[in-house]
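The exercises below are to be worked with the sequence and the coordinates at hand. Try each task before reading its solution.

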Amino acid sequence: MKAYAAVDLGASSGRVMVGRVGPDSLELAEAHRFPNRPVRTPEGLRWDILALYAGVLDGLRAAGPAVDSVGIDSWAVDYGLLDADGALLGNPAHYRDARTEGVAEKVWATVPAGELYASTGLQYAPFNTLYQLTAARDSAQLAHAERLLLIPDLLSYWLTGEQGTELTNASTTQLIDPRTRDWSYDIASRLGIDLGLFAPLRQPGDSAGMLRAEVLEETGLSGPVPVTVVGSHDTASAVAAVPAVAERFAYICTGTWSLAGLELDAPVLTEASRAANFTNELGLDGTVRYLRNIMGLWLLQECVRAWGEPELGELLRGAARVPALRSVVDAGDAVFLAPGRMPERIADACRGSGQPVPESRAEITRCILDSLALAHRRAVDEAQVLADHPVDVVHIVGGGTRNALLCQLTADACGLPVVAGPTEAAALGNVLVQARAHGLVGDLAGMRGLLARTQPSTRYEPQGGTARWRAAEARLAAR
């Protein structure tokens, strides 16, 4: 058995997990969990990157003393800027910061939206790195920057002293050509973005260096300890951990966001795909993650925060007693992107579309879960048509697997069986890429077979037919 430390950073918390991998065994345990609390400064919403790094060091200390490798994954699109001495130029901006409002239209004036999609395959999202860099064009930080590192690459640099840009995460910047799996030099040039800011591209499985002596001393780990490049976009790691035993599957990676789609061999770059706002992000072993971003459990997380952190189980039990599909909202609507006043904003959306206004906490929770299941249905259905890739089963991985009501509603909405699990998919994918780099597991199919044999899952069969879901979909489309 080998021990691999997976640093897995989400938008609301970080964790260091230890995966122990043997010839036909896979065990995962949490070593340390820590909060990820963004800070609103006079400059805007920022990540507390030093607190995150301290949490990583604490987690590695808790994982030790014997660790065979370390891998890091996190959310996408955000970055830190370094000066000529390699020092960080301020806290990284948060993707929910308002600085990118109205920036997309400026970009499209130079590179029309259709041409941008045909070149990069990335859906429109106001926080894509391309728009962030455009928004920062005249800033003092960018003017003084010599290097740009995406969040997991920045933390890896602090651990090892070596710089690189991991490919699956780079594909979320809207600066990668998904056909060549290299930078889109023409797009960057036309928009005045200096690709020289980025460190050389690295692939999952590559070496990211060795833990520095100072890190070994601080964490108490027995060196030398390599840092292995994994699918550093957490969704890439999570999709790698989908325990599918056949090719005809869809996946939904659930958490703060829901990422719903297919795993393909090639990108879908049609105008119809752009109009449907599907993205082509890169995955392991030459795969493409063809998916749609949905607001996800962020909607419920923000409501829970506004309500003073009530017990989640009680909310879900109450929601299960509320009539289905009474009111639904568009769970992909950017109106829900910013934090604050989420219960009121959901009520306003229902009122504005002429639906019954949810008032109690149970009614609002049910509205959210029905809306997420409906968004999952739309994404899975449309992806199959646009990619000409039918599926027989939907795999749900990530935090949403703990929400049995959401899993059952998704099965009902899609009219397909749902297999829920594993919950810690991103950490497991992280661990398995490390194990594969060190020769312990085989190809992607072998990794998934090991997951299917060793990780628990729950199967939900669809109930009640899809007619009421089609009706709710039509109601939402007509608003």
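**Exercise 1: Two prolines**

Pro-65 is found in the loop that runs between helix 1 (49-63) and strand 6 (69-73). The model is a predicted one. Task: determine which peptide bond, cis or trans, leads from Gly-64 to Pro-65, and do likewise for Gly-421 to Pro-422.

Solution.
1. Most residues other than glycine have a negative phi, and most peptide bonds are trans.
2. Omega from Gly-64 to Pro-65 is near 10 degrees, and the bond is cis.
3. Pro-422 sits in the loop between strand 20 and helix 17.
4. The bond from Gly-421 to Pro-422 is cis, with omega near 0 degrees.

**Exercise 2: Positive phi**

Task: for Val-77 and Asn-277, give the sign of phi, the location and the exposure class.

Solution.
1. Val-77 is not a glycine, yet its phi is positive, at about 70 degrees.
2. The loop between strand 6 and strand 7 holds Val-77.
3. Buried means under 20% relative accessible area. Val-77 has 5%, so it is buried.
4. Asn-277, also a residue other than glycine, has a positive phi near 60 degrees.
5. Asn-277 belongs to the loop between helix 11 (271-275) and strand 17.
6. The relative accessibility of Asn-277 is 28%, so this residue counts as partly exposed.

**Exercise 3: Strands 6 and 7**

Task: establish which residues of strand 6 are buried on each side, do the same for strand 7, and find a pairing partner for each strand.

Solution.
1. In a regular strand the side chains alternate between the two faces of the sheet.
2. In strand 6, five of five residues are buried.
3. Sorted by side, these are Ser-69, Gly-71 and Asp-73 on one and Val-70 and Ile-72 on the other, so that both faces are covered.
4. Strand 6 pairs with strand 1 (residues 2-9) in the parallel sense, over five bridges. Opposite Ser-69 of strand 6 stands Tyr-4.
5. Strand 7 (residues 79-82) is likewise covered on both faces: Tyr-79 and Leu-81 are buried on one side, Gly-80 and Leu-82 on the other.
6. Four bridges link strand 7 to strand 8 (residues 147-150), and the pairing is antiparallel. Tyr-79 has Leu-150 of strand 8 as its bridge partner.

**Exercise 4: The seven-stranded sheet**

Task: write down the strand order of the open sheet of seven strands, identify its edges, and describe how helix 15 is placed against the strands.

Solution.
1. The order is 17-18-16-15-19-20-21, and the pairing is mixed.
2. Strand 17 (279-282) and strand 21 (458-460) each have a single partner strand; they are therefore the edges, and one side of each lacks a neighbour in the sheet.
3. On average, neighbouring strands of this sheet are turned by 30 degrees against each other, direction ignored.
4. Within the sheet, strand 19 (residues 393-398) and strand 20 (residues 418-420) run parallel and are joined by three bridges. Val-394 has its bridge partner, Val-418, in strand 20.
5. Helix 15 lies across strand 15 (249-254), strand 16 (258-264), strand 18 (288-294) and strand 19, and runs at about 145 degrees to strand 18.

**Exercise 5: Core and helix packing**

Task: find which residues touch the most other members of the largest nonpolar core, then explain why the buried residues of helix 19 line one face.

Solution.
1. The largest nonpolar core has 164 residues; those touching the most other members are Val-70, Leu-130, Leu-175, Leu-211, Leu-299 and Ile-346.
2. Helix 15 (residues 361-387) supplies the largest share of this core, 12 residues.
3. Leaving aside residues up to four places away in sequence, Leu-299 touches Ala-331, Phe-336, Met-342, Ile-368 and Leu-372.
4. In helix 19 (residues 467-477), the residues Trp-469, Ala-472 and Leu-476 are buried.
5. Viewed down the axis of helix 19, its buried residues fall within an arc of 60 degrees, so they line one face.
6. Helix 15 and helix 16 (404-414) are among the elements covering these buried residues.

**Exercise 6: Asp-443**

Task: locate Asp-443 and state what its side chain reaches.

Solution.
1. Asp-443 lies in the loop between helix 17 (425-437) and helix 18 (444-454).
2. Its relative accessible area is 47%, so Asp-443 is partly exposed.
3. The side chain of Asp-443 reaches the backbone nitrogen of Gly-446 at 2.8 Å.
4. Gly-283 is 160 residues from Asp-443 along the chain, and their C-alpha atoms are separated by 13 Å.

Terms used: Residues numbered from 1 in each chain as written. Predicted model: local features only at pLDDT ≥ 70, side-chain atom pairs only at ≥ 80, totals over all residues. Heavy atoms only, no water. Buried < 20%, exposed > 50% of the residue type's maximum accessible area, 1.4 Å probe, protein only. Pairing = 2+ DSSP bridges. Polar contact = N/O pair within 3.5 Å; in protein donor to acceptor, adjacent residues only side chain to side chain. Core = buried A, V, L, I, M, F, W, Y, C linked by side-chain atoms within 4.5 Å. Contact = heavy atoms within 4.5 Å. Axes fitted to C-alpha atoms, helices over the stretch in contact; angles between N-to-C directions. Arc of directions from axis to C-beta.
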